[in-house]
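User: Could you take a close look at the sheet in this one and walk me through how the strands go together?

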Amino acid sequence: MIKKYSVKINFTLLIFLTFFLLYFFSYSKAKNTNISISGNEIVSNQTILELIGYNEEINFSIENINELVKNLNKSGLFKNVEVYIKENQIQIKVEENMHISSIYFEGNKAISEETLINLIKSESRKPLNDNYIFEDTNTIISLYKEKGKY
């Protein structure tokens, strides 16, 4: 009976040590990163690293850098993305899109504000996206035309 508990304790200890060592080594690698990020005020560094698919084993090449820029641009969070390579250091400089604090409709009497908010793609507390603004404008105009109000 004592052997049975001894095996359980040893197994539990082994699992604990394994997770501890994995955590310790992954943390120490992350501290030695060779990527610096600037220009971000709203979007965290961690979010940017996740968007570019960063991990410690990536060997950056021109293709990787191009993909990195594409991924950041595709996210819709940034107006401009620049990447510089200087002596084993990759510098990512971003210019964030403005964020929408809230959405209001003025002078609207024919269609409820709730209906309009549900129709548009733009959302409060999300990045301002020029494509969404264009689509939202066309959607609202189409709705007014259907109602015979435009």
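Analyst: Two strands count as paired here if DSSP finds at least two bridges between them, and the elements themselves are DSSP runs numbered from the N terminus, helices being H or I over at least four residues and strands E over at least two. This is a predicted model, where local features need pLDDT of at least 70, side-chain atom pairs count only at pLDDT 80 or more, and totals for chains, interfaces and linings use all residues. Residues are numbered from 1 along each chain as its sequence is written, and side-chain values use heavy atoms, leaving out hydrogens and water.

On to the sheet: S1 and S3 run parallel, joined by four bridges, and Ile35 sits opposite Ile90 in S3. On the other pairing, eight bridges hold S2 to S3 (residues 89-96) in the antiparallel sense. There, Glu82 faces Lys93 in S3, while Val81 has Val94 as its bridge partner. The hairpin of S2 and S3 has two residues between the strands, and Glu87 takes a positive phi near 45° in it.

Put together, that's an open, mixed sheet of three strands in the order S1-S3-S2. S1 (35-38) and S2 (78-86) are the edges, each with a single partner strand, so one side of each has no neighbour in the sheet. From one strand to the next, the twist averages 15°.

Helix H3 (residues 62-74) lies across S2 and S3, at about 160° to S2; axes are lines fitted to C-alpha atoms, for helices over the stretch in contact, with angles from 0 to 180 degrees between N-to-C directions, and contact means heavy atoms within 4.5 Å.
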